[in-house]
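User: I am new to this structure and would like to go through it by question and answer. Please start with the ligand and then take one helix.

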Amino acid sequence: MQAIDYLKRAGTRLRAKGWRNTATYSLGVATELVRACVLDVRYGGKPCLTDLKTNANDDHRHTMVHSDYHILRKIFATVPIAPQDVLVDVGCGEGRVINFWLSLGLTNAMIGLEGNEAVADRARRRYRKYPNVTIIQGDAVDNLPSSGTLFYLYNPFSPQTMERFVAALGERDATIVYYIDNYLNPFRTGSWTICDIGYDDGILEYRASLITRRR
Ligand SMILES: C[S@@+](CC[C@H](N)C(=O)[O-])C[C@H]1O[C@@H](n2cnc3c(N)ncnc32)[C@H](O)[C@@H]1O
């Protein structure tokens, strides 16, 4: 299924951007798939698979796909992580972002919040060898850890849940890294600074925001 999806996307790209661009892009995707498999297995014990049927919500929109390592590398090149930061992946799926943080050699406390029970249970078992990693099953907003300082989101929420998430952050001094930043409105009304950290070099393009508390 994933292969068919890639082929369809390659066809669309070919029509829009031509052969050279599509070839460079496809080579990048293939290399990234191999690298991703290696890192997933090394840190999380198994590849993080896309599963468009798995979702913590019933809206069938915010499903279990994972951030690509090369995009995480680009994003976190612009986001400083301090040793005392408590890193939270909001909607952690199978743990790709935790793998990425571990692969950087970080020993910070890391918390994965995942609404899907089976996915969270499997992740909890896989990461139990890391004393600094905790997986919490349940609604991410209801279980938002008060110790969290840096929150990563890859489009997990509907607009309504995003409103609840921002309200649950309260007045804390948090940094939010929001990849595929579809619902920024709740951050526009409060005391937040939104910085565009999206990327587009003609081959790779994505939207992302770095959101910090304005003081
Ligand atoms: C797009 S995936 C991102 C996975 C991972 N963060 C990454 O970037 O590789 C979003 C995940 O959020 C989870 N999710 C969606 N809504 C949630 C909620 N309200 N509480 C907890 N998890 C949720 C989904 O089950 C899914 O695994």
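**The ligand and helix H6**

Analyst: A polar side-chain atom of Ser 67 lies 2.6 Å from an oxygen atom of the ligand. The model is a predicted one.

User: Which residue has a polar side-chain atom 2.8 Å from a nitrogen atom of the ligand?

Analyst: Polar contacts are pairs of N or O atoms within 3.5 Å. At 2.8 Å from a ligand nitrogen atom, the polar side-chain atom in question belongs to Asp 139.

User: Which residue has a polar backbone atom 3.4 Å from a nitrogen atom of the ligand?

Analyst: Here the protein atom is in the backbone, and the distance to the ligand nitrogen is 3.4 Å. The residue is Pro 156.

User: How many residues of the shell around the ligand are charged?

Analyst: The shell includes 10 nonpolar residues and eight polar ones. Helix H4 (96-103) and strand E4 (150-154) each supply at least two residues of this shell. The number of charged residues is four.

User: Within what arc do the buried residues of H6 fall, seen down its axis?

Analyst: In helix H6 (residues 159-169), the buried residues are Thr 161, Met 162, Phe 165, Val 166 and Leu 169. They line one face of the helix, because down the axis of H6 they fall within an arc of 140°.

User: Which residues are exposed on the other side of H6?

Analyst: Exposed means over 50% relative accessible area. On the side of H6 away from its buried residues, those exposed are Gln 160 and Ala 167.

User: Which residue just after H6 takes a positive phi?

Analyst: The phi there is about 60°. The residue is Gly 170.

Definitions and conventions: Residues are numbered from 1 along each chain as its sequence is written. This is a predicted model: local features need pLDDT of at least 70, side-chain atom pairs count only at pLDDT 80 or more; totals for chains, interfaces and linings use all residues. Side-chain values use heavy atoms; hydrogens and water are left out. A polar contact is a pair of N or O atoms within 3.5 Å; within protein, one must be able to donate a hydrogen and the other to accept it, and residues adjacent in sequence count only if both atoms are side-chain atoms. Helices (H or I, at least four residues) and strands (E, at least two) are DSSP runs, numbered from the N terminus. Ala, Val, Leu, Ile, Met, Phe, Trp, Tyr, Cys and Pro count as nonpolar, Asp, Glu, Lys and Arg as charged, and the others, Gly among them, as polar. Buried means under 20% relative accessible area, exposed over 50%, partly exposed in between (1.4 Å probe, protein chains only). The arc is that of the directions from the helix axis to the C-beta atoms.
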